[in-house]
Amino acid sequence: MSSFNSSLTLFALLAGISLSIFPAVTAFPAHASLGGLSERELDKIIPTLNAVLPGKVPPPLKFNGTKLVYDKAHPWQPLRPGDIRGVCPGLNTLASHGYLPRNGIATPAQIIAAVQEGFNMEPETATFVTYAAFLVDGNPVTDLLSIGGKTKGTGLDPDSKEASVAGLNTHAVFEGDSSMTRADAFFGDNHSFNQTLFDQFVDYSNRYGGGYYNLTVAAKLRTQLIKQSMATNPKFDFTSPRFFTAYAESTFPINFFVDGRNPVRALSMANATLFFRDSKFPKDFWRAAAPIGPEGIQHVPEDFPIKAGRNVNGVNTYTADPTSADFSSLCLLYTNFVNQTVKSLYPNPKGILRRNLIINLRNFYPGVPGGTANCPEIFPYGKL
């Protein structure tokens, strides 16, 4: 599999599946962890946090074949008061089975280990997009991230509303428009399971897949979701990286929610319901047979090939955005993220914050989509 393909899958996993890199600082959402705080505010809040040195990136699995993952060591448990779940059915399932902390608050290292162990996700992919999510939605001082909404569990909330710990539910960060089972943020609740959208998922699987979700269904449904958002959401945004992750999201259920012993990559509606609605592995579920990314992604846009863009003046005003990264400019996905998104959140970090940002950016780089050979590493805060 190409580096590009492998680097999209956990984008989809964390997005429920998305991360949005904007061409201008003003486009970044208001709620974004410690990001956006003034230097004075950071000086005030950082000493109150439980500062830690970022953990090391977990190694690849020693055994990377298929194995039973719904086992005695990982029983499903219902939510307890205070447990957090969010936009991603994959991470929700891993937390409900104890591969991630059941409270929904995890370190980057825990997420990388969990998606490999539970789904057999490729390690480079897992590392790249976990750190992308963490850098914008997590707390780089405490090394903690919420897989759902904001919580004081990732560290004491800063005084500034702009710096409240956001988690993966934050719109236009990893949550994005035209999701398969979550509504666009414009309509309100962008993180809860949406039965109407799931019914559409089932309908398309019945019409085009004989009751199963496969690549044919993925292409048809993705076309419908894009057109649906164009026609109903005046704020519909399909720029990078949501442009990429939406297509990767469409392959995710086929590659990760189908039992690894099954040679036919097609998801039954019974199992889809367990993952998307109940955050639960099917009984006797085995992970993918080998480390995997978004196989089949190249087929998803074939029914409706469009450029990255957005509605610019209400519904049905979709316009291509020439500044957005696309399939022909993969390095731009990385450079925009570092130079615009991260740098706008932390323009002048010092001390522990600077140290931890440097470490996290270093961990983020090796999984750059398309490979690092033609995409030089960026050091906005210098080196340690």
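**Exercise 1.** Leaving aside neighbours within four places in sequence, find which residues Leu94 is in contact with (heavy atoms within 4.5 Å).

*Solution.* Start at Leu94 and skip those sequence neighbours: the contacts are Tyr99, Leu100, Ala114, Val115, Gly118, Phe119 and Phe281.

A quick note before going on: this is a predicted model, where local features need pLDDT of at least 70, side-chain atom pairs count only at pLDDT 80 or more, and totals for chains, interfaces and linings use all residues. Residues are numbered from 1 along each chain as its sequence is written, and side-chain values use heavy atoms, with hydrogens and water left out.

**Exercise 2.** Work out how many residues the largest nonpolar core has, and which helix gives the largest share.

*Solution.* First, the term: such a core is a set of buried Ala, Val, Leu, Ile, Met, Phe, Trp, Tyr and Cys residues joined through side-chain atoms within 4.5 Å, and buried means under 20% relative accessible area (1.4 Å probe, protein chains only). Next, the count: 88 residues, with Leu94 and Phe281 among those with the most contacts inside. Last, helix H6 (residues 123-137) supplies the largest share, nine residues. Helices here are DSSP runs of H or I, at least four residues, and strands are runs of E, at least two, numbered from the N terminus.

**Exercise 3.** Find where the buried residues of helix H10 (residues 269-276) lie around its axis.

*Solution.* Pick them out: Met269, Ala272, Thr273, Phe275 and Phe276. Looking down the axis, they fall within an arc of 170°, so they line one face of H10; the arc is that of the directions from the axis to the C-beta atoms. Their packing partners include helix H4 (89-96) and helix H5 (108-119).

Methods. Buried < 20%, exposed > 50% of the residue type's maximum accessible area, 1.4 Å probe, protein only.
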